[in-house]
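Here are some short exercises to work through with the model open in your viewer. Try each task before you read its solution.

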Amino acid sequence: DTAIVIKKEIDGKLLSFKTDSVYEGEQVVNKNVNKNDKKILDIGTKSPYLARVILQFEPIIKSAIIDENTQNRLIKHIWEMNKELVTCSAIFKLLKQEVNTLALTCNDIIKQSKQRETTPALPQVSDLESRVNTFFTSGQKFLIETFKIFVILFNMSVAKNKEDSFKSHSRWIGNHFGTTHNLAQIIEQDISWITLLSEANNALKHPSKKDKVEIKNFSLISGNKFIFPSWSYSLSHKKLGVVNNLNLLNDLDILLDNMLCFFEEIMLQSIQEKLNENNNTLLYLEKFKEEKIDANCPIQYGITYKV
């Protein structure tokens, strides 16, 4: 069993982060997890989806945000939303392993079927559609919570039924900071995939004639070949339209990376904005050099004093 890499107290709970798991408990003894602690995540500090979210930004927030209530509120918020991203990364990791294993079996079936009249049925990824559904649901929640950072730090107002109205959030940010501000620019660059993830999630939950998403498992095509799991969508949103048979794993991988990078950029620029607001010229955000990044906890940014 691995030793604890880092301990944090968040929202009154003591969290022990190990390289491959996270425990919640009362106290920590001898760098090991206490027997009363309970495991809450099967993913640990080695994962960039944990390291570059809560573990990277908790110390930055504590140094850069003056008001303690705002500090605590933001840290708690980021910890809760981090769990949604971890859900997405866990689904993707398992799907990738299963697809790669089953692809080898599919290959063998196709080879052997060349000697036969018919090709037997291909193995299928279990519960593929429901797992993809969960990925999109958690992904959309993570994006909604990323935009709520603007509520906590800059008093953006969001109506309860407009939480996933990313276009109106984008307009508010453009009006508040100016359309040439880094925060407005980041959102403008990323709004297309954000809209796709959100609209696809809505269509998976509430399919209609105008909006539908289809998830396909391993399937046979003519010429005695097979195709990997894919997805197609037909969405009424004017910039999305109809797209067929995209490689499902590739797109989930891209969306996962997009979500992490988007959150990271929004946080870095928001923290910089708060430093500027408070005329804080002593602190600055630093990107670590490659050789300084620890593989067991790949945090990329820190906050430091100007020398």
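**Exercise 1: the largest pocket**

Task: Find the volume of the largest pocket, and say which residues are closest to its centre and which helices supply its lining.

Solution: Start with the volume, bearing in mind that this is a predicted model. The largest pocket comes to about 400 Å³. Next, look at the 19 residues that line the pocket: D42, I43, S47, S89 and K93 are the closest to its centre.

Now assign the lining to helices. At least two lining residues come from each of α1 (48-64) and α2 (68-113). Helix α2 gives the largest share, eight residues. Finally, sort the lining by chemistry: nine residues are nonpolar, five are polar and five are charged.

**Exercise 2: a chain of phenylalanine rings**

Task: Describe how the rings of F147 and F150 are arranged, then do likewise for F150 and F154.

Solution: A pair of aromatic rings is described by the distance of the centres and the angle of the planes. Searching the whole structure gives 17 aromatic pairs. In one of them, F147 and F150, the ring centres are 6.3 Å apart and the planes meet at 35 degrees, so this pair is tilted. The angle falls in neither the stacked range, under 30 degrees, nor the edge-to-face range, over 60.

Move on to F150 and F154: their centres are 6.1 Å apart with the planes at 35 degrees, so this pair is tilted too. Their positions in sequence fit into the picture as well, because F150 and F154 are four residues apart in helix α4 (residues 149-154), a separation of about one helical turn.

Then check accessibility, where buried means under 20%. F147 has a relative accessibility of 1%, so F147 counts as buried. F150 is buried at 0%, and F154 is buried at 6%. To finish, widen the view: F147, F150 and F154 belong to one aromatic cluster with F166, W172, F177, W193 and F262.

**Exercise 3: three polar side chains**

Task: For Q71, S232 and Q124, give the place of each residue and decide whether each is buried or partly exposed. Which backbone atom does each side chain reach?

Solution, step one: Q71 sits in helix α2. Its relative accessible area is 11%, so Q71 is buried. A polar atom of the Q71 side chain lies 3.4 Å from the backbone oxygen of K62. With neighbours within four places in sequence left aside, Q71 is in contact with I61, K62, I65 and I66.

Step two: S232 belongs to strand β10 (residues 230-235). With a relative accessible area of 8%, S232 is also buried. Here the partner is the backbone nitrogen of N245, which the side chain of S232 reaches at 2.8 Å. Beyond four places in sequence, the contacts of S232 are K212, V213, E214, V243, N244 and N245.

Step three: Q124 is found in the loop between α2 and α3 (128-147). At 42% relative accessibility, Q124 counts as partly exposed. The side chain of Q124 has a polar atom 3.0 Å from the backbone oxygen of F218. Not counting residues up to four places away in sequence, Q124 touches L102, N217 and F218. As a last check on the backbone, take Q124 and D108, which are 16 residues apart along the chain: their C-alpha atoms are separated by 14 Å.

Notes
Residues numbered from 1 in each chain as written. Predicted model: local features only at pLDDT ≥ 70, side-chain atom pairs only at ≥ 80, totals over all residues. Heavy atoms only, no water. 1 Å grid on protein atoms, 1.4 Å probe; cavity = no way out; pocket = protein on both sides within 12 Å on 5 of 7 lines; lining within 4 Å. Points joined across faces, edges and corners; volume = space filled by probe spheres on them. Nonpolar A, V, L, I, M, F, W, Y, C, P; charged D, E, K, R; others polar. Phe/Tyr/Trp six-rings, centres within 6.5 Å; stacked < 30°, edge-to-face > 60°. Buried < 20%, exposed > 50% of the residue type's maximum accessible area, 1.4 Å probe, protein only. Polar contact = N/O pair within 3.5 Å; in protein donor to acceptor, adjacent residues only side chain to side chain. Contact = heavy atoms within 4.5 Å.
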